[in-house]
Amino acid sequence: MKSRIPERGSTHVYNVSKISKEEIDSMVERCVYEQPPFCNAACPLRLDTRALLKAVAAGNFKKALQLYEKIAPFPLILSQGCEAPCEAKCRLCERGDGIAIRAIESAVARFGEQSKLGGVFRSTKKQKAAIFGSGLFALFLAGELEKKMYPVTVFCAEPDEEMYLRGAAPFLDDAAFTLELKRLKRKEIRFVFGCEITAEFFRQKREEYQILGASEAAAKTFFPVAECTPDVMLYEKENLIMGSGSGVMDTAFGAKKAALTADRLAQNLDPRNTRGREGAVESKLYTDLSQAEALTRVPIPPEGYSRDQAMEEARRCLQCRCEECLKTCAYLRHYGKHPGLLAREIYNNTQIIMGDHQLNKPMNSCALCGQCTAVCPNGMDMARVCHMARENMVATDKMALAPHEFALLDMLFSNEEAFLSRPQPGFETCRYVFFPGCQASAVAPETVRAAWEDLSTRLEGGVALMLGCCGAIADWAGRREIYDHTKAFLDAELSKLGDPIVIAGCPTCAKQLRSRESLEVIGIWDILLQLGLPVGAKGLDRPAALHDACGARGDSVTQNAIRSLAKQLGCDLKEPKDALDRAPCCGYGGLAGYANPEVAAELTEQCIERGEGPWITYCMACRDRFARAGQETHHLLELVYGKDAQDAPDISEKRRNRRALKRDLLLEYWNEETKGMEPEFKITYTLEAREMMDQRMILTEDVENVLRAMRKTGEAVLDGESGLIIARARLGNTTFWVGFTEEGADAYIVHRAYSHRMQVVRRQG
Amino acid sequence: MDERSYYTIDPEGKLKCLKCGVPLEKGKAKFLYLDNGFPVELPVCPKCGFVYVPESLALGKVLSVEKALEDK
Amino acid sequence: MTRHPGDTRRLIDLADLQPGARVLDLGAGDGDGVRLLRSLGYDAAGIDRIAAEDVEQGDLLHTTFASNSFDAVMSECTFFLTGDVPGAMRESARILKIGGKLLLADIFFEDPEPLLEAAGFRLIHKEDWTKAWREYYLRSIWEGTAEVCPVPKGKSTYWMLIARKD
């Protein structure tokens, strides 16, 4: 048997990708996970405040000090003098007291154990730095340059470190002063005290040093016209780094910029070169404040926080992080990555020409359901990324058929062997056509029949019936060509019926069909609201949870219509957590269930966890997946038409149901006979075989075809150990193997079935 | 023993070809997928050439190699 | 990301470089080549489209290195991927010192020698690794071990080449 859908051929292609970098960048940027927390962003020194608070909350003052010292060579001076713009930006201010960041920093500087630098081999740089003058800028600059491993010499008028420090930071209290003095003395800064800081002195010394810095006062002594260019902290004419401005934080920021300038000058590069973004920034991060509880600040005593107080205050910190979608989507949690990162990786995956496409599975495991877009404050659209990536890989012939072939063949089955399109008996063309969707006929054929019979009775103008697949499967698989072909096919069939108004039974079909502007599509729920419920319609006698279909996301008309109908039926509805536009996907969407059954199961589990059964759904795929997961589930139409589709059918039963429905209706309503469904021999299955086949996606018709081939060619093997006869046949892109026993002529009992996509041939030498 | 073979299994007389009435013997075969070929030795009927793929191989190594190639 | 049949080691040994030579791995992937070179005592750096550990981000056809700054340039399965083999060769020639060597292991659909000569190189050694490469590739897939750059469609040869900039 020839394969219907061509397998991918070569192992790689050299075609240009169809997603531009700008496009993917704009999609990825919507995810704000990587945005800095507000405190970090407000700090011109880029202190990782969030991490510092986390360390303090855990009592790890040593780590907190490490983080603080990274941006502040003199942490106590900074924390005692800093204007702390971060405190005003703390999001908790909106609900109560913001975190007392400065007070915590001071505690960190007091209690934090200094980490030893020993053990890490650090070589000092070759360029030597000289700083002239005193004051806070000069002190900070000395600290910054020392941290960068430049040998630093400070020329000053003061007689010793005490006086130098006192002059630089007069606001320090005694305890802090003592600690900072100790810190200053521990640093590898060479001081030359008692100098006369004159222009002549500068001229004498400047040739010995490659990096020159000065306080504002000293610089102006050397060059009365000296002006500091603020973004590089440089008197450019003389390549002299100089201070400017006032305020502790500004000065610290100035020293930081100056140190970077020193680096550039030492490398013989333009100081403006590649500095990156300096200073405070705006953050686009989103924080969910709804769960914030501890809203009152721990009062700060005059001597500062104790260790315990600092820890208690730090524990109030929410650790701002946007995880809105991660909270609601099992797929994202499974891969443990925020969508911005995952999307970037999935895009890079499509760009690989040679080597492993390791992101194929995540790309194919997204349900394309749009939930992340609905819950993201910025509208990050993972579905769009994954869908585009799939289409791209199909278009560049890199998409293997295996993950989606079963579903695609099933779609072809729905639109060929199981396809039915007929006007209502007695009509040539019809005003309406009922399109229940492929899963409805597969899962609840009796309900489909009852619905159509009802509609054709109560509506005027004729209600045609079309049993087929809307093409969503091809769309989800990224197979544009097959989708367009399906679309054209359905359009032609609808034309034959007189371009009727489509009454969709499934919200996903409705969405697919609505994408054509020429078609008018309404939901069966809309019609039922207009017509009223039929006789025999009955709700559930217990409260039930309603699961919203992802096909109805963003469609409040449908969502409300469903609820009205359910209430009319007498249902007592309980809204589960994350309902309406926030509803998760049952696992059927995006072909996730075929490509990655493990993730799909997690998606279903997530749906079920948010409420208590019994469940009511309005999509047959949801109904089926919930039932397979052991939940009591009813499709709304089953309640309307008094049916109960019972246990979830296996994959072979789903085919059988569609065939049988078509055959029965054709015979009953249009007097057309179709050939029988039973094979020409008797075949039974052990329970183990049926379960194996369902799990391995092997249909009864595949098994029948193998036996048919064996009967024709006589090719089979007897396994002496198991006693089974084993036959095989290549059907399409797969070789199927069947292990069976004979029960007399023309009668078989099937015990085992397996398959593989590889072809196997005999080889010479 | 064929050094090029990536996999070998000897049926040890336990498999019989029902078409030809003879036992399957260890024979040269090849797996093909996405333009790649892997030489192996599998139970083969010496008369009609029927090549047997055991279930454990199909669901084990063959499946994992298929997946590896699909990701290339 | 990519492993190569016959080993990067073989390519380096064929080049017979001076100890401490400054070598650039063009298309360094995950940095294993850079680390191997360093472990053999060379002053190695690596660039690739995407940065990694010991690998800087850079454009292989337009690197930011000064002319005549490397003793050797090594590249495995990368020139072909740039889509501009002559351009990649010219850029390698530019950043190589006179007498510097190009260590190239790659897929060619045509004779590599004229291409090298056009870029200012003299071919001093070549080895055909096509057969070994194909077998290595299939074996690594079957065993599920580290992957090798895949075999393209069409008639191609996998050459290990050492060329000198004259």
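**Note on a two-chain sheet and a helix pair**

1. In this predicted model, helix H35 (residues 700-713) of chain A lies across four strands of chain A, namely E16, E18 (725-731), E19 (734-742) and E20. H35(A) runs at about 105° to E18(A).

2. A second helix of chain A, H34 (residues 687-695), lies across E16 and E20 (747-756). The angle of H34(A) to E20(A) is about 30°.

3. These strands belong to an open sheet of six, ordered E16(A)-E20(A)-E19(A)-E18(A)-E17(A)-E1(B), with mixed pairing. Its edges are E16 (682-685) of chain A and E1 (15-17) of chain B, each of which pairs on one side only. On average, neighbouring strands of the sheet are turned by 35° against each other, direction ignored.

4. Chain B enters the sheet through E1(B), which pairs with E17 (residues 717-719) of chain A in the antiparallel sense over three bridges. Asp719(A) has Leu15(B) as its bridge partner in E1(B).

5. Elsewhere in chain A, helices H1 (residues 21-28) and H17 (residues 339-351) have axes that come within 9 Å and cross at roughly 160°. Because angles over 145 degrees count as roughly antiparallel, H1(A) is roughly antiparallel to H17(A). The crossing of H1(A) past H17(A) is right-handed.

6. From H1(A), the contact is made by Ile24(A), Met27(A) and Val28(A); from H17(A), by Gly340(A), Ala343(A), Arg344(A) and Tyr347(A). Of the residues in this contact between H1(A) and H17(A), five are nonpolar, one is polar and one is charged.

Notes: Residues are numbered from 1 along each chain as its sequence is written. Chains are lettered from A and ligands numbered from 1 in the order in which they are written. This is a predicted model: local features need pLDDT of at least 70, side-chain atom pairs count only at pLDDT 80 or more; totals for chains, interfaces and linings use all residues. Axes are lines fitted to C-alpha atoms, for helices over the stretch in contact, and angles run from 0 to 180 degrees between N-to-C directions. Angles under 35 degrees count as roughly parallel, over 145 as roughly antiparallel, 65 to 115 as roughly perpendicular and the rest as oblique. A crossing is left-handed if the near helix is turned anticlockwise from the far one by less than a right angle, and right-handed if clockwise. Two residues are in contact if their C-beta atoms, placed from the backbone, lie within 7 Å. Ala, Val, Leu, Ile, Met, Phe, Trp, Tyr, Cys and Pro count as nonpolar, Asp, Glu, Lys and Arg as charged, and the others, Gly among them, as polar. Two strands pair if DSSP finds at least two bridges between them.
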